[in-house]
Amino acid sequence: MGIRFVLMVNKQGQTRLAQYYEWLTLEERRALEGEIVRKCLARTEQQCSFVEHRNYKIVYRRYASLFFLVGVDNDENELAILEFIHLLVETMDRHFGNVCELDIMFHLEKAHFMLEEMVMNGCIVETSKANILAPIQLMDKTS
Amino acid sequence: MAGASLMDTLFQRTLEDLIKGLRQQLIGEPAFISKAMEEIRREIKSTDLSIKSTALLKLSYLSSLHFYDMSFADFHALEVLSSPRFAHKKIAYHAISLCFHDTTPVLLLITNHLRKDLTSTNEYEVSLSLQCLSKIANVDLARDLTPEIFTLLSSSKVHVRKQAIGVVLRVFEKYPDAVRVCFKRLVENLESSDPQIVSAIVGVFCELASKDPRSYLPLAPEFYRILVDSRNNWVLIKVLKIFAQLAPLEPRLAKRVVEPICDYMRRTVAKSLLFECVRTVVSGLSDYESAMKLAVVKIREFLLDDDPNLKYLGLQALSTVAQKHLWAVLENKEIVIKSLSDVDPTIKVESLRLVMEMVSETNVAEISKVLLNYALKSDPEFCNWIIGSILSTCSGNVYGMIVDFDWYASLLGEMSRIPHCQKGEEIENQLIDIGLRVRDVRPQLVHVGRDLLIDPALLGNPFLHRILSAAAWVSGEYVEFSRNPFELVEALLQPRTSLLPPAIRAIYIQSAFKVLTFCLLTYLLQRESTASSSWPDNLQSGVPSSDLYESLADLSVGNGASATVTPGEVSPSASLEKNNFSHESIVNLLNVVELALSPLSGSHDVEILERALNVLGFIDLIKEKVLNSSAHKENSSEGKEVEVAEIVQLMHDAFSEELGPVSVSAQERVPLPDGLILKENLIDLEAICGDIGLPSPNSFSFDSTSYEETVGISLSNLEIKEGLEQSNESTSLLAEHRKRHGLYYLPSDKSETISNDYPPANDPRSQDIATDDTNDLIKFAEQSFAPRRKPSHTKPRPVVVKLDDGDEMPIVTKKPDPKDDSLSDAVRDVLLGSETIIGTSSQSNLSDKPSSKRKGKEKQNRDLHLELKENLVDDGNPSSRRSKHHSHEKERRHKSPRKKNAEERRDNGRKEKQKSSHLHGRHRQRADEPSNVSAQIAVIPDFLL
């Protein structure tokens with residue numbers, strides 16, 4: 001399993017999106033998110049975007065007020081994951097137009113849908129923005 | 001009722017309302033959410049699907065972001081799932097993938113829903129159910145839905161096929177037999193020209209190959225084609241990962257891929273791809289010098305980059321290189337060491353790891369020294385990282401790296417004094433462990449232990465308690481090497497030991513007991529030897545005239561001989577100043593011990609109580625006699641003298657049994673005695689004891705407050721301790737303590753110069769700025785990391801006791817996960833076919849021909865393929881069988897004049913039958929289709945031969 005989870009957390013440490021690719025209980029999730037957020041939000045811009053945590057690695061990137069945190073196995077390519085985060089942001093940007101935290105809050109199911117198009121079982125399966133957005137656009141049109 | 005339903009629909013709070021309400025926070029978040037949850041619980045029972053689905057949507061939101069349990073809605077989610085509307089389905093699938101897991105009771109009910117949606121004509125419904133399946137599939141679901149997945153794997157809709165490929169990973173993991181059905185389809189997709197499909201399938205194979213690379217060797221030609229053809233960096237990265245797994249297994253494959261990979265390394269502008277190439281080379285292709293050189297150049301570029309990410313990755317790549325190619329690390333050592341003072345803890349830790357890789361026998365002392373200085377100035381977390389890695393590096397392979405154990409013992413002592421040190425447990429273990437294993441280090445250990453024990457300030461730091469307990473134990477056990485046992489007893493019984501937890505205090509008392517016994521014995525021995533003037537003073541050369549004396553002398557000779565570190569050193573017992581053991585000093589000692597321990601005879605802790613009473617009882621037994629015998633020294637009765645000596649010697653004998661290291665598996669080797677049933681069910685007992693109630697763990701010790709006290713005091717002491725470095729300082733501290741609390745001390749037997757000034761709490765050279773330190777490090781690194789000849793050691797490495805069966809933790813023969821195992825078995829069965837190869841000499845001849853004769857990529861592939869096959873044979877691996885999903889192979893088989901013996905053929909036939917029995921119904925038909933170029937067809941002609 002390459003990607004274990006994707007989190008979006010704002011500056012205040014509130015989770016805005018959480019997607020796990022392995023089953024964790026609510027308590028485990030709460031603990032995990034708490035630990036990670038504490039670790040990553042304390043870091044400065046000059047520090048690198050990777051944090052080792054327990055037996056895996058967190059690759060994170062900050063966009064405006066939102067942190068994108070991806071938990072990956074140790075042998076995953078960290079730079080590729082950074083590119084993946086960027087792709088995710090670009091995709092949301094294309095759909096929402098200048099995406100911001102509020103867009104993700106109020107359209108959480110869409111954000112999830114995009115993520116599900118991109119990642120299955122922790123593997124990145126789709127990297128083309130057009131392909132990712134095609135089903136959502138179709139759904140928007142029909143509803 | 002319809003009216004009410006309409007009202008409900010109109011006035012139901014939507015998810016948007018919920019989020020807005022949450023943001024306004026008029027009544028506080030918890031209150032607001034619990035109100036919302038109440039609403040949801042009501043709404044979700046509604047018969048109206050749109051109300052139900054909205055409620056479910058809200059619930060998923062709260063569950064995923066605010067951690068509210070939604071398991072009560074499991075069944076409702078299924079109800080929403082049965083809705084014909086796509087919007088409802090979407091909500092239901094999202095909720096289900098969020099909250100269902102392997103043990104959800106209603107999981108069984110979902111199978112039919114999924115099957116219906118998987119076969120739906122609406123591709124988005126299919127994709128929803130595939131995505132859901134990829135998260136919740138368990139054994140039953142995977143087994144029941146395998147036929148549907150199989151069909152979807154060749155769906156004409158790319159979107160669906162891609163996701164079917166994605167779900168396969170989970171299905172295989174849960175239900176390995178699905179491999180037999182689906183694998184061929186999966187492999188076909190590998191040959192697809194659609195970039196979407198390729199990117200999905202490569203990801204899946206990358207995951208599969210990481211678990212069991214050998215099984216996927218036959219697919220190497222396909223991966224090679226993708227490596228050469230693909231222009232998608234995502235795909236290339238995944239393929240490179242696959243090759244990093246495969247290349248070490250198959251040298252010829254490595255030879256083949258090394259060129260294209262170097263090519264990418266030179267050409268690509270994408271850092272992620274470049275890094276993956278570097279990583280592939282350093283982990284899988286490190287034997288190819290030119291590739292390694294290129295990779296190291298690229299690593300250096302990373303290291304010099306301003307981007308901390310690249311720097312980190314460069315360090316990480318270096319640490320992969322380090323085991324095999326230390327030169328690469330040495331080339332970049334300056335950067336590595338500079339990184340130790342980076343602002344980023346992640347980078348610091350990585351560079352520390354690298355520095356530890358560079359450690360060898362010759363430079364371990366220097367590196368440790370520099371790192372410890374560095375630790376003094378670091379933040380607590382990194383400081384402990386440093387200490388931890390020094391400890392684990394030095395103790396690795398039963399202290400294989402240590403030559404000078406005296407140095408190591410002092411290092412451990414020094415480490416304990418680092419203010420932030422929290423590795424007490426590890427240091428404790430090592431102090432005792434080297435004491436047990438290395439005879440020659442014991443004098444130094446006792447010395448180090450004494451320095452630690454004698455410092456009253458250290459007692460205040462709870463992190464040090466474990467170390468102190470080891471120091472106390474060592475001092476007691478090897479007391480014969482002590483220069484001043486009286487001092488030790490005082491240190492062990494000093495008033496501040498009340499800060500220690502009871503268990504460790506008990507060790508202190510026990511050690512004091514050992515020291516006391518030793519002193520008494522030496523005293524008696526000495527007196528006896530001086531009493532009869534005919535005996536020479538030297539104990540070892542003394543001519544024994546009585547049985548008792550003989551045995552005592554033997555004892556001390558034994559100790560002396562064993563303790564001889566360097567030739568010429570006198571036996572430690574003899575080295576003790578004789579006049580130390582004057583009559584007064586012994587009486588004094590007895591008084592000290594008695595005074596310190598008598599309050600403990602009322603201790604609440606059983607362990608302390610018992611030890612204290614032991615010692616007090618012993619003193620009672622002998623004190624009078626020792627006193628008396630001295631009073632009438634001139635006309636002492638021999639009988640009494642001997643009696644005391646006998647008691648003391650008995651005690652000493654009890655302690656002088658040598659303790660050795662114990663193998664971890666020792667317990668397992670003890671045979672189970674007859675009649676002992678370990679696995680007897682004790683449930684009955686519990687029923688009896690149930691109402692009695694178990695005693696609380698505290699019931700034996702009532703002084704739980706003492707620990708809190710300890711912590712409180714430790715904080716105030718931390719600062720004081722910082723200044724303590726030298727052992728003489730600590731002696732003066734003890735003296736100071738004695739001065740302040742003289743009340744509790746007994747008059748010292750020897751006049752000590754008491755320093756008046758309390759040593760200042762000087763901050764440990766923190767004025768040095770970090771850069772200075774880094775420069776030091778670099779300077780030092782230049783001298784010491786350079787590979788140089790082993791200096792001839794002036795002192796030979798002492799013997800380290802090792803156990804026969806290995807000291808490391810017993811290597812649990814790791815049983816491969818049965819699931820994984822069956823997965824790779826299945827994959828092998830499908831991929832490699834069921835035919836063992838013999839008589840391939842002709843084949844290998846063919847493949848040995850230079851590939852230049854053939855042109856075109858396809859031919860290259862074939863070449864590669866052949867090479868692989870040949871190697872499989874060379875390996876002699878029984879499980880390596882021929883791969884046969886290629887058409888050209890069939891041709892070859894016809895051409896090549898191979899002879900098989902009948903037995904082989906029968907064998908084939910049997911396996912073939914087995915195999916086809918796995919394929920059933922339509923799958924079998926499909927598998928037999930000529931387009932599959934399947935094994936069956938290829939093998940049939942052989943049967944006819």
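The following exercises, with worked solutions, concern a predicted model of chains A and B.

**Exercise 1. The architecture of chain A**

Determine how many helices and strands chain A has, and in what pattern they follow one another along the sequence.

Solution. Begin with the count: chain A contains five helices and seven strands. Next, place these elements in sequence order, which gives β-β-α-β-β-β-α-α-α-β-β-α. Then turn to burial: 62% of the 143 residues of chain A count as buried. Finally, consider the contacts in chain A between residues at least 6 apart in sequence; 48% of these join residues at least 24 apart.

**Exercise 2. The interface of chain B and chain A**

Describe the contact between chain B and chain A by its residues, its buried area and its polar interactions.

Solution. First, identify the participants: chain B contributes 61 residues to the contact and chain A contributes 54 residues. Second, take the area buried between the two chains, which is about 5000 Å², with 57% given by carbon and sulfur atoms. Third, list the interactions across the interface. Six salt bridges are found between chain B and chain A. A salt bridge requires a side-chain nitrogen of Lys or Arg within 4 Å of a carboxyl oxygen of Asp or Glu. The side chains of B:Arg279 and A:Glu78 form a salt bridge, with an N to O distance of 3.9 Å. There are also 23 residue pairs in polar contact across this interface, both residues being at pLDDT 80 or more. Last, classify the side of chain B that touches chain A: its residues comprise 25 nonpolar, 19 polar and 17 charged.

**Exercise 3. Helix H18 of chain B**

Establish the span of helix H18 of chain B, its degree of burial and the residue that caps its N-terminal end.

Solution. Start from the limits: H18 of chain B covers residues 308-322, a total of 15 residues. The distance from its first C-alpha to its last is 21 Å, close to the 21 Å expected at 1.5 Å a residue. Proceed to burial: 14 of the 15 residues of H18(B) are buried, and the helix is thus mostly covered. Then examine the N-terminal end, which is capped by B:Asp307. A side-chain oxygen of B:Asp307 lies 2.9 Å from the backbone nitrogen of B:Asn309.

**Exercise 4. The environment of B:Ser129**

Decide whether B:Ser129 is buried or exposed, and locate its place in chain B.

Solution. Locate the residue: B:Ser129 belongs to helix H8 of chain B, residues 123-136. Apply the cut-off: buried means under 20% relative accessible area. The relative accessible area of B:Ser129 is 0%, so B:Ser129 is buried. To complete the picture, set aside residues up to four places away in sequence; B:Ser129 then touches B:Tyr93, B:Leu114, B:Asp117 and B:Leu118.

Key. Residues numbered from 1 in each chain as written. Chains lettered and ligands numbered in written order. Predicted model: local features only at pLDDT ≥ 70, side-chain atom pairs only at ≥ 80, totals over all residues. Heavy atoms only, no water. Helix = DSSP H or I, 4+ residues; strand = E, 2+ residues; numbered from the N terminus. Buried < 20%, exposed > 50% of the residue type's maximum accessible area, 1.4 Å probe, protein only. Contact = heavy atoms within 4.5 Å. Buried area = accessible area lost by both parts, 1.4 Å probe. Polar contact = N/O pair within 3.5 Å; in protein donor to acceptor, adjacent residues only side chain to side chain. Nonpolar A, V, L, I, M, F, W, Y, C, P; charged D, E, K, R; others polar. Expected span 1.5 Å × (residues − 1).
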